[in-house]
Amino acid sequence: MASKPQIGVCYYPEHWPETLWQDDARRMAALGISCVRIGEFAWSRLEPARGQQDFEWLGRAIDILHAAGLRVILGTPTATPPKWLVDEMPDMLPVDEHGHVIGFGSRRHYCFSHRGFHAECERIVTDLAERFGQHPAVVGWQIDNEYACHNTTRNWSQASLLAFRQWLKHRYGTIAALNAAWGNVFWSMEYNDFQSIDLPALAPTENNPAHRMDFYRFSSDQVIQFNRLQAQILRKHSPGRDLIHNFMGRTLSFDHYEMGGDLDISSWDSYPLGFLEDRSDAPAGWRQRFARAGDPDFQAFHHDLYRSTSNGRWWVMEQQPGPVNWAHHNPAPRDGMIRLWTLEAFAHGAEVVSYFRWRQVPFGQEQMHAGLLRPDGVEAQAFHAAAAVVEDLEKLDFSGDGPADAAIILDYTSAWAWEIQPQGADFDYFRLLFDHYRALRRRGLSVDILPPDTADLSAYKVVLVPGLFAWNAALLSALENHAGAVLVGPRSGSKTTEFQIPGGLPPNLPTNLLDVTVAQSESLRADCPIGVSGSDGRIRFWREFLEVGAAGETVLASDDGKPLLVHQQNRFYLGGWPDDVLLDVVIERLCATAGLETLSLPDGLRIRRRGEYLFAFNYGETAIDLDAVGLSGALLFGENALPPSGVAVLEV
C-alpha cells in the first residue's frame, strides 16, 4: 500500500440492486476514497447450497470498483457460516460455560476447534483465493471478522474439550507434570490421565486458577491457528497481497501479538461513542461530558496497541460514522468529531481509515447504524467529514515518524490471570493499564505499547510495567540494561507462569533491579482508599505491604507509615493502584528522573507527535488556548484558540 494516508469504506454490494453499484463506485472515487472492503459476510450468496457456488456477482462488483480506480480488500466470509452448513454439522456451533448451545441467527456462530468447520473454511477460502487472488483490484484480504466479538473466543463444546486434552498433553507430556504444575494435590484434584480432564466450567466454587489459565491459553491458540490456516492459503494463492484482521476495542481474550506474526497489517474497529457507553470505567460525569466526543484516550490507546502487533503497519478498518445500533445509548457525534477521530488515527500512524459503512442498510440487525450515505442515498454527516479529511491530507507530508517518549508493557496472559483471580472485585488489568496510559497522555507524552517479551527498551526515556503476571528473561534483561526511568507494579511478578506464588515472593526481581519484597497484599473497597503522606492522592482497589531492602529507598509512604513508592537508581516500584492525582505525582517523578519535559494538559486536550508534526485534538466542549498550555510551533492548519472538536497541526 502507498505510504500516504488514505481513506476507505466498507461496502456490501449484495445488499443493494446491481444497478446502484456503478454509481456507488463513482461517488466513492469522487469523494476521495481509495480502498473498499467487501465480502466478509457474504458466504450464503457466494455458496447458496452445498455444491452450488456463485462468485460471478462478486466478480462483477470487484470489476466495477476497479474500473473506478478503487482498490479492494476482500474479506473471507468465515464469520457467517450459512444455515445449510450449520444444519449439516450442528456440533460446529459454540457452547457457553453453562452448556447452552449458541445457535444460528446472527454471526460468529462457530467453534474455533471444530475440525469439520476448519475443512469448510479451507475450501471456501481456497476457492475465493484461486478465483480472485490475482485480480489487479485486490490488494489485500481481511481474514474473518472481529475475532472474539460477542465473547466468542472461549468455547465449551465437545470439539473444544477434545482439542484441549490434546493441547495439554503436548504442553506437559505426562499427567504427573500437569498435576505438579497445576498444584492438583490441593483439594484432591489430581488426575490419572489426560482423558479425564474436563473444561473448567461450573463448579461449587472457583476452578483451579492454573487449569483455567491453561484453558485461556489454549483458547487463544485456537484463534491463532484458525487465522493461520486461512493466512497460509492466501499466501499461496494470492502472493503479494496484504493480510489483515480487524481487532476490537478492549478485547484481550486472545493474543494479538502472536496473531500479528501471521498478518501484514493489524486493523481495528473504532467506535468512540459506543465504546465510551459500553466499555468505559470512567465515572458517570466523565461519560456525560464526552458523550458526543468519545473518551480522549480510548481510541489512542488502541491505535498504539495495534500499531505494535504487526511491525508498525496498521489501519482503522471500521470508523464510526454517526450513531451506531449496539450500545446502551447511541448519540450522534458532535460536529467535527468524525474528522477529529480520523486525523487522530493518522497522527498515530494509520495507513488507512475506513468508514463503516457506505450506505445505511434499511434491514437486518444494523439498520440503525449510520453510514456515509442515508438509506435513500443522500449524503450523511460522515460523508462531509470524510471530504474534509481528504482536503486535510493534501496539506500534510507523513514521511517522518519515530519511537515515542514512553512505553507501556501490555501482556495478554496478565489480563487472563487477573480475570481468573482478581482477588478483589475492582481489579481489572485493562483498567490498570489504561489509567497509566491516560496519565502519560495527560503529561503530553506520545506512548508506544509493547509486548511482554520486548528485549530492547533503549528508545524510550520512560517505561511502565503495571500488573505483569510473570517475568520472562528477555524483559528482565531489557530492564536491567535500560538507562531511562522504569516504573514496576502493582502486582507485577506476583506469580510464576504456572500460576503459583514465586518462592522469593513478589515482585520476584533480582535485588540489583529492585530490592523490595511484597510481604502481603490486600484488595480495597472503592470507598475505602488509603491516603498518601504529603500528597492529595490515594491508593485504591489494591495495596501491597512492602519490605524494602538495603538498596532501595522509600520516597512515598501511605498515611499509616507503610512504604509505597520505592526508588532504586533509575527504577521505581509502586505498591498499590494509584488514583489519578497520585499517578500524576509518580509520572512526574519518573519523567524528572529521565530528564523528560512534560506538559499539563486539560482533560479535553490531547496531543500526538508524528515526525515533525505535533497534532492537537480538542475533545472538550470549550475552546482551548494552545499557547497557554505550552504548545508552540508553526501552525499548518487549525487555530491557536482550538475550538471544540478542533484539530491543529503544528510543525515543530
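The protein chain in front of you folds into 18 helices and 25 strands. Keep in mind as you explore that this is a predicted model. Let's begin with the overall form and then walk inward.

A compact globule of 652 residues would have a radius of gyration near 26 Å, and the protein chain has 25 Å, so the two agree. If you lay the C-alpha trace along its principal axes, it spans about 75 × 70 × 40 Å. Of the 652 residues, 60% count as buried. The contacts tell you about the path of the chain: among those with a separation of 6 or more, 72% are between residues 24 or more positions apart.

Now look at the outside. The protein chain exposes about 24,100 Å², and carbon and sulfur atoms supply 49% of that area. As for charge, there are 56 positive and 82 negative charges, and their mean positions are 2 Å apart.

Next, step inside. In soluble globular proteins, nonpolar side chains tend to be buried together. Here the largest nonpolar core has 176 residues, and the ones with the most contacts inside it are Ile33 and Trp358. Helix α8, residues 209-237, gives this core its largest share, namely eleven residues. To see the surroundings of Ile33, select Ile7, Gly8, Val9, Met28, Leu70, Trp358 and Leu372: Ile33 touches each of them, with residues up to four places away in sequence not counted. There is also a second, separate core of 22 residues, which includes Ala407, Leu450, Trp471 and Ala478.

While you are looking at helix α8, find Ser220, which is part of that helix. Is Ser220 buried or exposed? With a relative accessible area of 1%, Ser220 is buried, because anything under 20% counts as such. Leaving out residues up to four places away in sequence, Ser220 touches Ser253, Phe254, Asp255 and Trp416.

Another helix worth a visit is α12, residues 298-307. Ten of its ten residues are buried, so α12 is largely enclosed by the rest of the structure. The buried residues of α12 are not just nonpolar ones by name: among them are Gln299, His302, His303, Asp304 and Arg307, alongside Phe298, Ala300 and Leu305.

Two more serines make a nice pair to view one after the other. Ser521 sits in strand β13, residues 516-523, and its relative accessible area of 34% makes Ser521 partly exposed. Setting aside residues up to four places away in sequence, Ser521 touches Trp542, Arg543, Glu544 and Phe545. Should you want to gauge distance across the model, Ser521 and Asn179 are 342 residues apart in sequence and 27 Å apart in space, C-alpha to C-alpha. Ser558, in turn, belongs to the loop between β16 (553-557) and β17 (563-568). Ser558 is buried, with a relative accessible area of 3%. Its contacts, neighbours within four places in sequence aside, are Ile530, Gly531, Val532, Ser533, Arg543 and Leu564. Arg543 thus turns up on both lists, as a contact of Ser521 and of Ser558.

Finally, turn to the backbone. Most residues other than glycine have a negative phi, and most peptide bonds are trans. Where does this chain depart from that? The peptide bond from Phe356 to Arg357 is cis, with omega near 15°, and Arg357 is in the loop between β8 (352-355) and α14 (381-393). A cis peptide bond also joins Gly489 and Pro490, where omega is about -10°. Pro490 lies in the loop between β12 (485-488) and β13.

That loop between β12 and β13 also holds Asn508, a residue other than glycine with a positive phi, near 60°. Asn508 counts as partly exposed, at 34% relative accessibility. Glu146 likewise has a positive phi, near 50°, and its place is in the loop between β4 (138-142) and α6 (158-172). Glu146 counts as buried, at 4% relative accessibility.

Conventions:
Residues numbered from 1 in each chain as written. Predicted model: local features only at pLDDT ≥ 70, side-chain atom pairs only at ≥ 80, totals over all residues. Heavy atoms only, no water. Helix = DSSP H or I, 4+ residues; strand = E, 2+ residues; numbered from the N terminus. Rg over C-alpha atoms; globule rule 2.2 N^0.38 Å. Buried < 20%, exposed > 50% of the residue type's maximum accessible area, 1.4 Å probe, protein only. Contact = heavy atoms within 4.5 Å. Areas by Shrake-Rupley, 256 points an atom, 1.4 Å probe, with all protein chains shown as cover. Lys, Arg positive; Asp, Glu negative; His and termini not counted. Charge placed at Lys NZ, Arg CZ, Asp CG, Glu CD. Core = buried A, V, L, I, M, F, W, Y, C linked by side-chain atoms within 4.5 Å.
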